[in-house]
Amino acid sequence: MPPYAQSLPLVESHVNPEIIFPEGEFWSDEPPWESNLHLQQIILLIQCLEWWWREREDYFAAGNLTIYYSPNQKKSEFCRGPDFFVFLGTNPNPNRRSWVVWQEEGKYPNLIIEILSDSTAKVDREEKKQIYQDIFRTPDYFWFDPESLEFAGFTLISGQYQPITPNAQGWLWSQQLGLYLGLAANKLRYFTPEGELVPTPAEAAQQAETQVEQERQKSAKLAAKLRELGINPDENL
């Protein structure tokens, strides 16, 4: 498996260094989810990544949370909080009410996924893409429409987003996650470099139960065969 991507070096701030950034607590200020499809998709992305990286303590993943990067304490006219994002090389503090760049060592997201809708698709494809490329310099950017199933991904090369070439299954590789992103049952899911679906916690538990049951049945068949041969499998050897 390829090693996990490391957090990129910090880039120079795009604001005047003489500006004094405001301090204090900043609350997220994002609109509600467009639909239950959007909500379920974001929950799925978060749950699966948390399960896959359950032993890691060096990342922060969230959805629909405002990223403040302006010294004027306001978001860009065109950029609200990404639908889903991942920061690497940071702590996983779940109590963040927003992400304030100047309070987080100047870090911007390593990966962003926008969930398209009729009201946001144009902004996601154009204005946000430009901001993520030129200001955030986010290495991996994807968008997905849960209704039409439109799916696209871009990686930052020499300061410009270049389309990610899909593999034979139509999946797109994320260097930052060390995983593929692709469709399964009309949902955007993660896949390992070996092609295995990254499960939800519930799916992983079900897989474990299935494996235990298969082992039980295998042991029962072996015991029955031994008895046919006149051997008592319950006796200590």
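The following exchange concerns a predicted model and takes up its sheet, its helices, its salt bridges and some of its loops.

Biologist: In the open sheet of 6 strands, what is the order of the strands?

Modeller: Strands of a sheet pair through backbone hydrogen bonds, either parallel or antiparallel. In this open sheet of 6 strands the pairing is mixed. The order is S1-S3-S5-S6-S7-S8.

Biologist: Which strands stand at the edges of this sheet?

Modeller: An edge strand here has a single partner strand, so one side of it is left without a neighbour in the sheet. Neighbouring strands of this sheet are turned by 15 degrees against each other on average, with direction ignored. The strands at the edges are S1 (59–62) and S8.

Biologist: Which residue in S5 stands opposite Val 86?

Modeller: Strand S3 covers residues 84–88 and strand S5 covers residues 111–115. These two strands run antiparallel and are joined by 3 bridges. The residue opposite Val 86 is Leu 111.

Biologist: At what angle to S3 does helix H1 run?

Modeller: Helix H1 comprises residues 36–52. This helix lies across S1, S3, S5 and strand S6 (140–144). Its angle to S3 is about 25 degrees.

Biologist: In the hairpin of S6 and S7, which residue in the turn has a positive phi?

Modeller: S6 and S7 pair in the antiparallel sense over 5 bridges, and Phe 142 has Gly 153 in S7 as its bridge partner. The hairpin leaves 6 residues between the two strands. A positive phi of about 70 degrees belongs to Leu 149.

Biologist: Is Ser 158, in the loop between strand S7 and strand S8, buried or exposed?

Modeller: S7 and S8 run antiparallel and are joined by 4 bridges, one bridge pair being Ile 157 and Gln 160. Their hairpin has 2 residues between the strands, and Ser 158 takes a positive phi near 50 degrees there. Exposed means over 50% relative accessible area. At 77% relative accessibility, Ser 158 is therefore exposed.

Biologist: Where is Ala 185 found?

Modeller: Ala 185 has a positive phi of about 55 degrees although it is not a glycine. Its relative accessibility of 75% makes Ala 185 exposed. Ala 185 is found in the loop between strand S10 (179–184) and strand S11 (187–191).

Biologist: What covers the buried residues of helix H3?

Modeller: Helix H3 spans residues 127–136, and its buried residues include Ile 131, Tyr 132 and Phe 136. After H3 comes Arg 137, whose phi is positive, near 55 degrees. The cover of the buried residues includes strand S2 (67–68), S5, helix H2 (121–125), S6, S7 and S8.

Biologist: Which residues are joined into one network by salt bridges that share partners?

Modeller: Side chains of opposite charge can pair when their charged atoms come close. Lys 128 forms a salt bridge with Asp 124, with the closest N and O atoms 3.7 Å apart. Lys 128 counts as buried at 7% relative accessibility, and Asp 124 counts as buried at 1%. The network consists of Glu 114, Asp 124 and Lys 128.

Biologist: How many salt bridges does a search of the whole structure find?

Modeller: One salt bridge joins Arg 56 to Asp 58, whose closest N and O atoms are 2.9 Å apart; Arg 56 is buried at 15%, whereas Asp 58 is partly exposed at 31%. Another joins Glu 126 to Lys 122, with the closest N and O atoms 3.0 Å apart. Over the whole structure, the number of salt bridges is 7.

Terms used
Residues are numbered from 1 along each chain as its sequence is written. This is a predicted model: local features need pLDDT of at least 70, side-chain atom pairs count only at pLDDT 80 or more; totals for chains, interfaces and linings use all residues. Side-chain values use heavy atoms; hydrogens and water are left out. Buried means under 20% relative accessible area, exposed over 50%, partly exposed in between (1.4 Å probe, protein chains only). Two strands pair if DSSP finds at least two bridges between them. Axes are lines fitted to C-alpha atoms, for helices over the stretch in contact, and angles run from 0 to 180 degrees between N-to-C directions. Contact means heavy atoms within 4.5 Å. A salt bridge is a side-chain nitrogen of Lys or Arg within 4 Å of a carboxyl oxygen of Asp or Glu.
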